[in-house]
Amino acid sequence: MDKRINRKGIVLAVLALASCGGSGSADEPAQPGGAAEPEVTTQVPAATVDSPASGDFTSVEGFKDADASAVVTIDGVRYEFADLYCVTMAGALGAASIDGDPQVQIDLPPTGWESSGEDWSPPAVSVQNVAADLYYTADAFFADMGLAPVGQSQVDDFTSDGFSGSGSATFHESPAGRTVTGTFEVTCPRP
């Protein structure tokens with residue numbers, strides 16, 4: 001079996017697991033705040049799908065878990081997500097919300113990914129707040145495609161053990177085109 005796994009593979013696995021169905025709703029979305037405004041919290045409630053699923057590969061575990069969560073703080077606005085779909089494989093971690101607004105997607109390669117000789121994609125974090133028309137992307141591929149200036153959309157640093165991770169990122173905010181900084185944490189319990 002080809003061991004080269006990239007971010008697209010993780011995302012596709014997360015989306016395939018999510019296609020099992022379910023719908024959810026979200027509280028009012030958070031609005032971005034300036035430095036002088038208080039921190040705003042958005043809690044995204046759990047979706048209705050509660051049956052876990054396993055990936056087809058022995059080294060891949062995919063599941064949806066009420067204990068899987070993420071917190072992303074961008075420009076002073078705190079977004080909280082629960083009941084995420086997670087995919088863990090070979091030390092890599094992918095987590096995504098499927099239902100509700102806002103939504104999050106976090107993809108973290110394994111430790112040592114750059115020198116592993118494997119085809120891992122760089123780490124990436126995105127938050128989409130459709131109701132507020134805000135899209136935050138920290139993904140080097142986003143800049144590589146010319147959608148953001150180089151250095152203005154990337155995960156700056158991260159740690160991960162394959163089931164939980166945290167770090168800091170530089171986000172490109174669309175449609176305004178601003179560059180903002182933030183932090184993230186994600187936890188996917190071991191299956």
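**Close-up 1. Cys 86 and Cys 188 are both buried in this predicted model.** Start here with the two cysteines, which share more than their burial. A disulfide joins Cys 86 to Cys 188, with 2.0 Å from S to S. The angle about the S-S bond is -70 degrees, and the link between Cys 86 and Cys 188 is left-handed. If you are keeping a tally, the count for the model comes to one disulfide.

**Close-up 2. The disulfide in its sequence setting: Cys 86 belongs to strand 5 (residues 85-89), and Cys 188 to the segment after strand 12 (178-187).** Because of these positions, the pair ties together parts that are 102 residues apart in sequence. For anyone who likes the chemistry spelled out, a disulfide is a covalent bond between the sulfur atoms of two cysteines.

**Close-up 3. Strand 11 spans residues 164-174 and is mostly covered.** Take a stroll along this strand and you will find that eight of its eleven residues are buried. Strand 11 pairs with strand 9 (residues 134-139) in the antiparallel sense, over three bridges. Within that pairing, look for Tyr 135, which stands opposite Ser 174 of strand 11.

**Close-up 4. Strand 10 (residues 154-160) runs antiparallel to strand 11.** Six bridges join strand 10 and strand 11. A handy pair to pick out is Gln 154 and Thr 170, the latter in strand 11, which stand opposite each other. The hairpin of strand 10 and strand 11 has three residues between the strands, and here Gly 162 adopts a positive phi near 95 degrees.

**Close-up 5. Strand 11 also pairs with strand 12, over ten bridges and in the antiparallel sense.** Ser 164 makes a good landmark for this view: its bridge partner is Thr 187 in strand 12. At the turn, the hairpin of strand 11 and strand 12 has three residues between the strands. Gly 177 is the residue to find in this hairpin, with a positive phi near 80 degrees.

**Close-up 6. Residues 1-60 are a stretch where pLDDT stays under 50.** The model nonetheless has 115 contacts beyond four places in sequence for residues 1-60. For the wider setting, the chain averages a pLDDT of 74, and 66% of the residues score at least 70.

Notes: Residues numbered from 1 in each chain as written. Predicted model: local features only at pLDDT ≥ 70, side-chain atom pairs only at ≥ 80, totals over all residues. Heavy atoms only, no water. Disulfide = S-S within 2.5 Å. Helix = DSSP H or I, 4+ residues; strand = E, 2+ residues; numbered from the N terminus. Buried < 20%, exposed > 50% of the residue type's maximum accessible area, 1.4 Å probe, protein only. pLDDT = per-residue confidence, 0-100. Contact = heavy atoms within 4.5 Å. Pairing = 2+ DSSP bridges.
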